Amino acid sequence: MATTVSQSDLTPPAVYGGTAEQWRERDRRSVAAVWSRYTDLVISSAEGSYLTDVEGRRYLDFGCGIAVTTLGHRHPDVTEAVHRQLDRYWHTSVVTQSVVMTEAAERVAAICPEPLDVVFFANSGAEVVEGALKLARRSTGRQNIISFRGGFHGRTFGALSVTTSKALYRAGYGPLLPGIHVTPYPYCFRVCDHAPGEPCPIAAGEELERLFHQIVPASEVAAILVEPIQGEGGYVVPPPGFLATLRRLCDQHGILLICDEIQTGVGRTGRWLAVDHEQVVPDIVTLAKALGNGLPVGAIVSSHQLMDRWEPGSHGSTFGGNPVAGAAVVATLKVIERDHLMERATKLGEAMRARIEGWQRAGSGPADLRGRGALIGLEFMDQEGRPDADRVSHIKHRALDSGLVVLSCGIDDNVIRLLPPLTVSDAELLEGLDILESAVLETGRAG
Ligand SMILES: Cc1ncc(COP(=O)(O)O)c(C=O)c1O
């Protein structure tokens, strides 16, 4: 089916005057410094794969606002759906039922494996993680939660309590939520001590068994919360079988498996969910980020069996399921399916990997290359085998100077993460990889 509205039919974005430096100065005066920004770009408009700053310079965006604008900026279908909804109604909250929320819930349920077919909407990733933890405690009557070292689940107190990717995020905020137990993630490139190619004991569940044996009885655990691929922690892909191990242990002990797909979900890895690659069905899935392609929305998805144990009124939100965000959700999911963007994610991933493997063969590439679909991590180590955050910082700056936005991640900030929009053209992909290649090779020579 063809796209109904072209970008140029829509009202053009506002153009702001002033220099970037003037805007930075105004920002410093009135915006909280706690916002730690990846770049000092001052953007006045965005379209497709590009951001344009206040001085008219264009940047190719391979960060997608941290894994959000998967369809590119202001995708015509999403923009049209949002405009239409603005002309109907914006907000009723729980005062009424909302046809848009119902439609969005049906769409979200349809991208999740059976029996996950009921949805609770909120406004952000952290909020849906909070909700999922509350649902797990309330529905099991158990208090303990297990999460993984290096995981990132958000900044609110509950979500922060299960977040261990950087101490900075937690410092000074304690005491955090009690009943949280953190166990190692199978990060074989850095953390595990088995030989390369040997089976990973962490992925086989040995650490969890030890935790149950020595620290918290499995019968007192409400949920295991896991990212199927760690995002902020460094785009860490666990060995095959890890998620199945978690599923087995959860089934064995009546524990709920919560998969946080906030960064990995909604088609980015080549499937709707990253767990689909392993045919593992969680009890609860959390989604946000790309779900509204830039409008703030998050979703908790579970089964009737579980969700029906959440008594009406025991959780809620004024803005959750906002109709305008809901319209964006419906349009986003339709476009991903209609335009075969999951197949595109797989192809983009193959193209990026092939190119980066060339840099590795030339001796200047990352020490480890990993990911799934169009979610790719490049981990850089120095000559002594230590995490090379300096080089990653140089790569990002050189790329930015040449017009490409790329983000970093990782417990040591030594991983470049590539997340181009799934709508990126072949020419744009090439342009981005050419810029990145120069930055990687130049910094490789310098180092
Ligand atoms: C896996 C994961 N969970 C939760 C969150 C928190 O989402 P938000 O920033 O929307 O609260 C993030 C954000 O990066 C994330 O990557």
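These legends go with several views of a predicted model of a protein chain and its ligand.

**View 1. The whole protein chain, with its 13 helices and 15 strands.** Let us start with the overall dimensions: along the principal axes, the C-alpha trace of the protein chain spans about 60 × 60 × 45 Å. A compact globule of 447 residues would have a radius of gyration near 22 Å, and the protein chain agrees, because its own value is 22 Å. Buried residues make up 48% of the 447 in the protein chain. Turning to contacts with a separation of 6 or more, 73% of them in the protein chain join residues 24 or more positions apart.

**View 2. The shell of 15 residues that surrounds the ligand.** Which residues are the closest to the ligand? They are G125, A126, G154, I262 and Q263. Helix 5, formed by residues 125-140, gives the most to this shell, with three residues. If you like to think in terms of chemistry, the shell around the ligand divides into six nonpolar, six polar and three charged residues.

**View 3. Helix 4, residues 99-110, and the elements around it.** A quick check on geometry comes first. At 1.5 Å a residue, the 12 residues of helix 4 should span 16 Å, and this agrees with the 17 Å between its end C-alpha atoms. Buried in helix 4 are V100, M101, A104, A105 and V108. These residues lie on the same side of helix 4, because they cover an arc of only 130° around the axis. What do the buried residues of helix 4 pack against? Their partners are two helices and three strands: helix 3 (76-86) and helix 10 (323-338), together with strand 4 (118-122), strand 9 (284-287) and strand 10 (298-302). On the face turned away from the buried side of helix 4, look for the exposed residues V99 and A110.

**View 4. Helix 12, residues 389-401, and the glycine that follows.** The same kind of check works here too. With 13 residues at 1.5 Å each, helix 12 should span 18 Å; its end C-alpha atoms are 18 Å apart, which agrees. Which residues of helix 12 are buried? They are R391, V392, I395, K396 and A399. An arc of only 140° around the axis covers these residues, so they sit on the same side of helix 12. Past the helix, have a look at the backbone of G403: this residue follows helix 12 and has a positive phi, near 95°.

Key:
Residues are numbered from 1 along each chain as its sequence is written. This is a predicted model: local features need pLDDT of at least 70, side-chain atom pairs count only at pLDDT 80 or more; totals for chains, interfaces and linings use all residues. Helices (H or I, at least four residues) and strands (E, at least two) are DSSP runs, numbered from the N terminus. The expected span of a helix is 1.5 Å times one less than its number of residues. A residue is buried if 20 or more other C-beta atoms lie within 10 Å of its own, exposed if 12 or fewer, and partly exposed in between; C-beta atoms are placed from the backbone. The arc is that of the directions from the helix axis to the C-beta atoms. Two residues are in contact if their C-beta atoms, placed from the backbone, lie within 7 Å. The radius of gyration is taken over C-alpha atoms; the globule rule is 2.2 Å times the number of residues to the power 0.38. A residue is near a molecule or strand if its C-beta atom, placed from the backbone, lies within 6 Å of it. Ala, Val, Leu, Ile, Met, Phe, Trp, Tyr, Cys and Pro count as nonpolar, Asp, Glu, Lys and Arg as charged, and the others, Gly among them, as polar.
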